[in-house]
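Student: I'd like a close look at one part of this model, and then a walk outward from there. Could you keep the pieces connected as you go?

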Amino acid sequence: MARTASVQTKIGFTILAWAVALLLFSPILWTIVTAFKTEAEAIAAPPTFLPQTFTLENFADVQGRSDYIKHAWNSILVSVGSTLLGLVIAIPAAWSMAFAPTKRTKDILMWMLSTKMMPAVGVLIPIYLIFRDLRLLDTVHGLTLIMTLINLPIIIWMLYTYFKEIPVDILEAARMDGAELYDEIVHVLVPMAVPGIASTLLLNVILAWNEAFWTITLTSGRAGTLTAFISSFSSPQGLFLAKLSAASLLAIAPILLLGWFSQKQLVRGLTFGAVK
Amino acid sequence: MATRQTRTLARTMMAPAVILLFIWMIVPLVMTIWFSFQNYSLINPMMTGFAGWGNYAYVIGDPSFTQALVNTLLLVGGVLLITVIGGTFLALLLDQPIWGQGILRILVISPFFVMPPVAALIWKNGFMHPGYGMLGHLWKAFGLQPVDWFAQYPLFSVIVIVAWQWLPFATLILLTALQSLSEEQREAAEMDGAKAINRFRYIILPHMARAITIVILIQTIFLLGIFAEIRVTTGGGPGYASTNIAFLVFRTGILSNDIGAGSAGGVVAVIIANVVAIFLMRAVGKNLDA
Amino acid sequence: MGSITLEHVNKSFGEVEIIPDISLDIKDGEFVVFVGPSGCGKSTLLRLIAGLEDTTSGHIKLDGQDVTDAPPARRGLAMVFQSYALYPHMSVRDNIAFPLKMAKMPQAEIDKKVEYAARTLNLGSYLDRRPRALSGGQRQRVAIGRAIVREPKAFLFDEPLSNLDAALRVNMRLEITELHQQLKTTMIYVTHDQVEAMTMADRIVVLNAGNVEQFGSPLDLYKKPANRFVAGFIGSPRMNFVDGPEAEKHKAHSIGVRPEHFTLSTTAGAGQWSGTVNVAEQLGSDTFLHVEVDGLGLMTVRTDGDRTFAHGDKVYLTPDPNRIYRFDAAGKAI
Ligand SMILES: Nc1ncnc2c1ncn2[C@@H]1O[C@H](COP(=O)(O)OP(=O)(O)O)[C@@H](O)[C@H]1O
Ligand SMILES: [Mg+2]
């Protein structure tokens, strides 16, 4: 290491950093411990830190009362489904832009990015009416379609930046070896871009999982995802602190784990490759 | 670098994505604009016909609009202020030689992965509730009267929640930028005997300027559309105290079923977002060539 | 079979014309080298033949058949890239087998051919490695293996040796030449190194700014360069050029003398030109002298390695009168 800080400085910075980090993490930590408390203990004053009586009852209750599993399954269907559908549409498009660019490629990329900036409320009403008329309201496939469209620009952009790093020579070698376009993409490009495609997939599953505008406005009971499910707890009568925490923990745990693995890709994806 | 055949193929391969996004962008937008000039209410079928600028006059003329606009600006501005300053500070801190850097990073980044309704509910019930929230307990511990945050400071409370969610994003991006400032560059500065404060001022800050710009622009795009946090905590109230433009459109169009007025609000939201977008496109566009 | 014919091929990238007009006739089984300075359009010409670029105008024929509009996958040519362009996610075995898989050959036959190619190229023990675990020379062999298994109509090489170190380069040069003698398949080989061109080619195409300066056998080019550019490009060290009154004595705009075509003397006055040794490069087998010739400038002279010279030595030079090349004002040989 080049910078040889004195041990005292290092101790000082470490304490400060941990204090701030724990403060930021405390709401999540609170959720985790409260989820395992009884309802009475959850609202006890003064509060306890660790559960005095450790219970798993809340989780069972959450499932029993509001069918966590159905909502989680909807979340999985929508987030994974929309990402896979997005990849199928985006891979050929990104191939075109990365390996056969024209003068207009840059404009098209910028235009795609610009669709991402359309505020959802600007199109909420027509989409709501179209969905109502096509009977797509509160359906998993309707929501999947919307989620695909809102994340498509990010998927294309991320794939584009990853594909740009692949030497075109190798694709040309495949063409010389007799590969048609399908073979070139399936047997050469995609396997080489596996890390990039995986990151793209991961980030977009996360974004779709956490999306909370369309899921809330376009679903009610049947196709509700976890975001809609949690939002239904906002009414006071449904409020039980420990159960709310259990439900919250169930809703965020899978994505928290995925998120920790994809920090780096997150930067690249959300800045459209501007920061790597 | 490609043959005519490849280019033709490329155009075909790009078509589905382009067509889908084009439809997605154009059709609803045109409909929104169309509705915004119509008298159209889902609960009052008698209300029909061309409205002219009526819906706009109604929406913009209403005091709730002015308030929503101000709230939107306060929300975006407040969150940006907290996240950029806090993020810079945190990024610098995490970049120091400290023990447990990996775990710290994970702790700090975590709030970003919490879905908005969960974030809002945790804060609302676990922290800001005057009866059993942690802040209430803390206030009591100091002998103070607990604050009913959402009743007394609704917008401020929403800002706190949203800032908590986005602080990790700013930190992560600024940290990434900071770490790409090569060790050598810093050593050189250290050799020159640059004092810590000067090093920050003349080397680190200019290097991070671009990343900060990007953070500001991207966050702005997302922050203009803040919705779930308001829906789950205050429902836009009390009154319109925590209603932003996005939520106002939802209230007017979906909750009150006034399609015409809601659409007019939507068009206004699009215009505001576009002004911001122009700046973002410029900044990101420059990086395309690099 | 693998004869390749270019008819008035023209290539522009946008506004920039890279290849104005080239016609060439490459016979089946020939080893043809495209040589020229960097940026002169060698790779572009090769890629046009490969089908990786399309002609702006003109026609390309393979065995008499017009393939101008055929995609690379349908031309039946194999290419070895400067970067080797191996598939990093595949083992050596799969790399070599890839073109056969694309040709939908039965697996048993693929295995047989891959084994055979690997044995020929000494790759037997590396078959299950990834390209990244191989040395430069080995990667080169894999690239060649991948090209030969499919028995193409012709091989295209784009500076295949430029990423190898000098010793390996000489080795691979020989191996490729041997491969050609064995397979007797048409090969087109692009290089900027005239030594490679001279040692490997049946015929050489000298390119300059997208134009063919001369197309002929190595010795032809050496003995009868068509113009000053070819004369200067072929032969190492370079030919010495003289213009002005000294050239006019030979009724030419300029004359050229190769370093090896001088008689050298140290006896005062025993030569047509006199000069001073600037630098002496003693290679053992030869000695190259950089001589500042009085009134004519710097010249390179080759002499045998047993004679030693030092900076400042006075020398006297006589060009071999039968081997003075004469050029007109346009640079054409007369
Ligand atoms: N895809 C391209 N677009 C524009 N110009 C190109 C392209 N490929 C090559 N060129 C230009 O064509 C010229 C010849 O390039 P190249 O054939 O690669 O030369 P060589 O292989 O002889 O070094 C160069 O000036 C190069 O800049
Ligand atoms: Mg080249």
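Over residues 4-234 of chain C, how much of the chain is helix and how much is strand, and how far apart are the end C-alpha atoms?

Tutor: Happy to. This is a predicted model, where local features need pLDDT of at least 70 and side-chain atom pairs pLDDT 80 or more, while totals for chains, interfaces and linings use all residues. Residues count from 1 along each chain as written, chains are lettered from A and ligands numbered from 1 in written order, and side-chain values use heavy atoms, without hydrogens or water.

Over residues 4-234 of chain C, helix makes up 37% and strand 26%, with 24 Å between the end C-alpha atoms. Helices (H or I, at least four residues) and strands (E, at least two) are DSSP runs numbered from the N terminus. That stretch is the one that an unreviewed UniProt entry annotates as "domain: ABC transporter"; such annotations may be inferred rather than shown by experiment.

Let's zoom in on a piece of strand. In chain C, β9 (203-208) and β10 (211-216) run antiparallel and are paired over 5 bridges (pairing requires at least two DSSP bridges). One of the contacts can be followed by residue: V205(C) has F215(C) in β10(C) as its bridge partner. In a regular strand, side chains alternate between the two faces of the sheet. The two strands, β9(C) and β10(C), make a hairpin with 2 residues between them. A209(C) sits in the loop that joins β9 to β10, and its phi is positive, about 50°, although A209(C) is not a glycine.

Further along chain C there is another backbone feature to check. S236(C) and P237(C) are joined by a cis peptide bond, with omega about -10°. P237(C) belongs to the loop running from α8 (228-233) to β11 (240-243) of chain C.

Chain A has a positive phi to set beside the one in the hairpin. R135(A), another residue other than glycine, has phi near 55°. Its place is the loop between α6 and α7 of chain A. R135(A) has a relative accessibility of 71%, so it counts as exposed (exposed means over 50%, with a 1.4 Å probe and protein chains only).

Those two helices bring us to the cavities. A cavity is a set of points on a 1 Å grid where a 1.4 Å probe fits but cannot get out, and lining residues have an atom within 4 Å of a point. There are 4 cavities of 30 Å³ or more in the structure, and the largest has a volume of about 950 Å³ (the space filled by probe spheres set on the points). Its lining has 42 residues, and those closest to the centre are K116(A), E211(A), F213(A), F222(B) and G225(B).

Which elements line this cavity with at least two residues each? From chain A they are α6 (120-133), α7 (140-164) and α10 (194-210), and from chain B α8, α10 (196-224), α11 (228-233), α12 (245-255) and α13 (259-289). The largest share, 5 residues, is supplied by α7(A). Sorted by class, the lining of the largest cavity has 33 nonpolar, 6 polar and 3 charged residues; Ala, Val, Leu, Ile, Met, Phe, Trp, Tyr, Cys and Pro count as nonpolar, Asp, Glu, Lys and Arg as charged, and the others as polar.

Conventions: 1 Å grid on protein atoms, 1.4 Å probe; cavity = no way out; pocket = protein on both sides within 12 Å on 5 of 7 lines; lining within 4 Å. Buried < 20%, exposed > 50% of the residue type's maximum accessible area, 1.4 Å probe, protein only.
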